[in-house]
Amino acid sequence: MTQNISSPMPPSSTPLSVRVPPSLPARVGDVLVRAAARYGVSVTVTTMPADIDLSDMLDGSRRVRLGLVLDMIRRHSVTGPAPAILGMFEFLSADLALRGADGIVTRLTEKERDLLSVLLAARGAAVARDVLLDRVWGFAPGVETHTLETHIYRLRQKLETDPAAPVILTTDGDGYRLIVG
């Protein structure tokens, strides 16, 4: 059985195929597809030979070493297009960094990188809070948390000349918009 599933974001590289052996529950493939979508990777889940074979990543108790698979998906996702320009910075997704026009590099956390990637994929459109919480953290709609606001605050400290009056990472209704250029 082969199931093609594309992420809601444009893929940053060629599609990735993942073999889920029949001995594993079908939900394993669903988890991988959802994780890949967070990184903008198009995934095909199959029982045929593939780029990643989960049979190779099973421990003795039939548990998948999911961290290994996610690392492979992350590596696959960062081979994509040229860096985006965000204000005075170049967004270096693979390096978890922003590089200023002066050459100074500002480090990003994985979540900050993921958040910027989702906002960039929206191509200037506003992205709702619930969508960001789902794609970056995997939270269900309606979750009460300040995680997103905290990360937006920290990103503005890194991106904006005046974080109190943002022009790059703006609030738009119940979501956020990234102004690129």
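In what order do the 3 strands of the open sheet run, and is the pairing parallel or antiparallel? Keep that in mind; the tour gets there after a look at the whole chain.

**Whole chain**

Start with everything shown. This is a predicted model. Color by pLDDT. The protein chain averages 78, and 71% of the residues score at least 70. Confidence peaks in α5, at 96, and bottoms out in strand β1 (residues 2–5), at a mean of 36. Now select residues 1–13. Here pLDDT stays under 50, though the model gives this stretch 45 contacts beyond four places in sequence.

Switch to cartoon. You will find 5 helices and 11 strands. Of the 181 residues in the protein chain, 40% count as buried. Among contacts with a separation of 6 or more, 62% join residues 24 or more positions apart.

**Strands β2 and β3**

Select residues 16–19, strand β2, and show side chains. L16 and V18 point one way, S17 and R19 the other. All of these residues are buried. In a regular strand, side chains alternate between the two faces of the sheet.

Add residues 43–46, strand β3. The pairing of β2 with β3 is parallel, over 4 bridges. Click R19, then look across to β3: its bridge partner there is T46.

**The sheet of 4 strands**

Move on to an open sheet ordered β5-β6-β7-β8, with antiparallel pairing. Select 84–86 for β5 and 105–107 for β8. These are the edges; each has a single partner strand, so one side of each is left without a neighbour in the sheet. Turn the view to see the twist: neighbouring strands are turned by 30° against each other on average, direction ignored.

Zoom in on β6 (residues 89–92) and β7 (residues 97–100). They pair in the antiparallel sense, over 4 bridges. Pick L92; opposite, in β7, stands A97.

Bring in helix α3, residues 110–121. α3 lies across β5, β6, β7 and β8, and runs at about 105° to β6.

**The sheet of 3 strands**

Back to the opening question. The order is β9-β11-β10, and the pairing is antiparallel. Select 127–128 and 169–172. These are the edge strands, β9 and β10, each pairing on one side only. α3 appears here too: it packs on this sheet, touching β9, β10 and β11, and its direction makes about 80° with that of β11.

Now add residues 175–178, strand β11. β9 and β11 pair in the antiparallel sense over 2 bridges. Click A128; G175 in β11 stands opposite.

Next, pick T170, in strand β10. Is T170 buried or exposed? It is buried, because its relative accessible area is 16%, under the 20% cut-off. Show what surrounds T170. Leaving aside neighbours within four places in sequence, its contacts are R156, G175, Y176, R177 and I179.

**Where α3 meets α5**

Finish with two helices. Select α3 (110–121) and α5 (147–159). Their axes come within 10 Å and cross at roughly 85°. The two helices are therefore roughly perpendicular to each other.

Show side chains at the contact. On the α3 side, select K111, E112, L115 and L116. On the α5 side, select L148, H151, I152, R154, L155, K158 and L159. Color by class: the contact has 6 nonpolar, 1 polar and 4 charged residues.

Definitions and conventions:
Residues numbered from 1 in each chain as written. Heavy atoms only, no water. Axes fitted to C-alpha atoms, helices over the stretch in contact; angles between N-to-C directions. Parallel < 35°, antiparallel > 145°, perpendicular 65-115°, else oblique. Contact = heavy atoms within 4.5 Å. Nonpolar A, V, L, I, M, F, W, Y, C, P; charged D, E, K, R; others polar. pLDDT = per-residue confidence, 0-100. Pairing = 2+ DSSP bridges. Buried < 20%, exposed > 50% of the residue type's maximum accessible area, 1.4 Å probe, protein only.
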